[in-house]
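Visitor: I would like a close look at a single part of this structure. Please take one strand and its surroundings, and then go on to the rest from there.

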Amino acid sequence: MSGSSESASTEPVAHPELFDKVVNLTKRRGFVYPSAEIYGGFRSTYDYGPIGVLLLRNVKDAWWRSMVQLREDVVGLDASILSPPQVWEASGHLANFTDPLVDCTNCNTRWRLDKLEDPEVCPNCGARGKFTEPRQFNLMFKTQAGPVEDAAAIAYLRPETAQGMFINFKNVIDTTRVRPPFGIAQVGKSFRNEITPGNFVFRTREFEQMEMEFFVPPDDAQQWYEYWCKERYQWYLDHGMPEQLLRLRPHDDDELSHYSSGTSDVEFLFPWGWDELEGIANRGNYDLTQHANHSGEKLEWYDQAANERWIPHVIEPAAGATRTAMAFLMAAYDEEEVKGETRVVLRLHHRIAPYKVAVLPLSKKVELSDPARALAQQLRGSFMTDYDETQSIGRRYRRQDELGTPYCITFDFDSLEDHAVTVRERDSMEQERIAIAEVEAYLRERMA
Ligand code: GAP
């Protein structure tokens with residue numbers, strides 16, 4: 001079993017039982033904890049533990065590497081989370097970022113009307129026709145900046161990172177060498193007061209996004225939209241997502257925002273079915289036009305060669321970091337029989353795996369633990385390295401398999417004589433004897 005798999009008819013099928021297995025593993029091994037657990041938890045919020053923080057960071061770093069580091073035409077940004085109402089007035093969020101809410105007058109539960117299977121029937125108590133009239137509920141978290149509670153102090157926690165890029169468009173073109181086509185990328189927290197958070201970290205009120213706004217000449221927008229759909233789909237494959245669990249789904253016309261001439265979602269086959277990881281949208285010149293009109297600033301490009309001014313169009317690949325981390329876990333989870341026992345292993349791509357290598361001395365005796373620790377310390381300069389000398393070697397391998405660590409290095413008594421160690425590869429469990437002096441190069445070659 002690996003993630004969700006293909007049936008005999010080649011249609012991939014979701015595995016509902018995988019959900020609990022992965023959630024249990026994440027708790028058992030320190031990936032994710034319910035937030036404020038000692039106080040009974042807090043409303044679908046989660047804390048990333050010592051292993052989860054590495055996983056999440058690796059997802060964000062892998063995105064940043066391919067979207068910023070490896071590209072000449074994309075620069076980064078880290079905008080503030082707190083923002084004034086004017087930004088959200090211009091973006092349309094104050095008026096439109098709403099979900100329709102209904103209350104069941106029979107059992108006093110609250111529902112999102114557009115997510116109900118039958119808009120007349122309460123899924124909790126089964127009452128028919130007992131819902132209140134729908135009212136629009138704005139998903140933005142409102143707060144107050146400073147000590148005075150008046151209208152001038154109202155601020156919002158951003159519900160997306162994207163607006164940071166639009167409102168800094170002028171700053172970026174005035175202070176750097178970029179020219180269209182170019183992108184501004186950002187990774188960071190966003191907040192939405194979701195009515196129905198759920199499915200573990202899939203939908204939460206506090207989450208992380210990885211977004212890039214790519215500014216292009218208006219005539220080239222369609223071509224760049226197609227380019228970014230392909231690039232983003234390929235990114236997931238390049239980081240180990242199996243093709244049968246991934247699809248690119250163009251939106252139907254009735255799903256499109258009024259300003260978008262095209263949107264496609266990268267979807268993953270979660271245990272509950274296909275669901276969104278990322279949206280790639282052709283947003284036209286909507287955002288820059290809105291902010292130009294509301295701020296009075298000119299947000300346009302002057303093409304000197306052609307002596308023309310135009311408002312760039314925007315292609316936006318918008319992904320969720322926390323949601324993607326969860327999808328990587330679901331896709332990587334595997335169970336297999338080894339010598340009559342079940343081995344649980346996360347077959348994570350090495351760039352996503354929390355630890356890259358673990359050093360495991362065969363015994364706790366100082367004659368082994370001292371040089372093993374020294375080797376671990378040396379490897380830490382290049383790789384996230386775990387060190388573990390507790391329990392039997394078999395149990396330590398199992399633990400590293402559950403963390404998805406690609407390589408384990410066993411330091412044994414022979415190592416003191418032959419100056420070599422045993423390197424075990426996670427997926428094949430094959431072992432090789434490698435000179436200690438060669439270990440770092442050996443790992444580097446395999447995890448380039
Ligand atoms: N700027 C466009 C934008 O924000 P979106 O589809 O609303 O588009 C982009 O969000 C991505 O952010 C989604 O594909 C998803 O991965 C992630 N995301 C959105 N809401 C989320 C939530 N409540 N919890 C976790 N991730 C979320």
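**A strand and its surroundings**

Guide: Strand β7 covers residues 98-103, and 5 of its 6 residues are buried, so β7 is largely enclosed by the rest of the structure. Keep in mind that this is a predicted model. For this chain, buried means under 20% relative accessible area.

Strand β7 has pairing partners. With strand β9, residues 135-138, β7 pairs in the antiparallel sense over 4 bridges. One of the matched positions is Leu101, whose bridge partner in β9 is Arg135. Strand β8, residues 110-112, is also joined to β7, by 3 bridges, and these two strands run antiparallel as well. Here Val102 stands opposite Trp111 of β8. β7 and β8 form a hairpin with 6 residues between them. In the turn of this hairpin, Asn108 has a positive phi of about 60°. As a general point, strands of a sheet pair through backbone hydrogen bonds, either parallel or antiparallel.

Another set of strands can be read in a similar way. An open sheet is formed by 3 strands in the order β6-β11-β10, with antiparallel pairing. β6 (82-83) and β10 (141-144) are at the edges and have a single partner strand each, so one side of each is left without a neighbour in the sheet. The antiparallel link between β6 and β11, residues 154-157, consists of 2 bridges. Within it, Ser83 is placed opposite Tyr156 of β11.

Burial is also found in a loop. Arg426 sits between β25 (420-425) and β26 (431-435), and Arg426 is buried, with a relative accessible area of 4%. Its side chain reaches the backbone oxygen of Leu348 at 2.8 Å. The side chain of Arg426 is also joined to that of Asp427 by a polar contact of 2.7 Å. Leaving aside residues up to four places away in sequence, Arg426 touches several others, including Arg343, Val345, Asp401, Gly404 and Pro406.

Next comes the ligand. It is surrounded by 18 residues, and the closest are Glu160, Glu194, Thr204, Glu211 and Glu276. Of the residues in this shell, 9 are charged, 6 are nonpolar and 3 are polar. Strands β13 (206-216), β16 (273-284) and β19 (313-320) each supply at least two residues of the shell. Among the contributors, β19 gives the most, with 4 residues.

Some individual distances fill in the picture. A backbone N or O atom of Thr204 is 2.8 Å from a nitrogen atom of the ligand. An N or O atom in the side chain of Glu316 lies 3.0 Å from a ligand nitrogen atom. For Gln209, a polar side-chain atom is 3.1 Å from an oxygen atom of the ligand. On its own the ligand has 550 Å² of accessible area, and the protein covers 88% of that.

Finally, the whole protein chain. Its secondary structure comes to 13 helices and 26 strands. Of its 448 residues, 51% are buried. The C-alpha trace spans about 75 × 65 × 55 Å along its principal axes. The chain exposes about 21,800 Å², and carbon and sulfur atoms supply 47% of this area. Among contacts between residues at least 6 apart in sequence, 63% join residues at least 24 apart.

Methods: Residues are numbered from 1 along each chain as its sequence is written. This is a predicted model: local features need pLDDT of at least 70, side-chain atom pairs count only at pLDDT 80 or more; totals for chains, interfaces and linings use all residues. Side-chain values use heavy atoms; hydrogens and water are left out. A residue is near a molecule or strand if one of its heavy atoms lies within 4 Å of it. A polar contact is a pair of N or O atoms within 3.5 Å; within protein, one must be able to donate a hydrogen and the other to accept it, and residues adjacent in sequence count only if both atoms are side-chain atoms. Accessible areas come from the Shrake-Rupley method with a 1.4 Å probe; for residues, only the protein chains shown count as cover. Ala, Val, Leu, Ile, Met, Phe, Trp, Tyr, Cys and Pro count as nonpolar, Asp, Glu, Lys and Arg as charged, and the others, Gly among them, as polar. Two strands pair if DSSP finds at least two bridges between them. Buried means under 20% relative accessible area, exposed over 50%, partly exposed in between (1.4 Å probe, protein chains only). Contact means heavy atoms within 4.5 Å.
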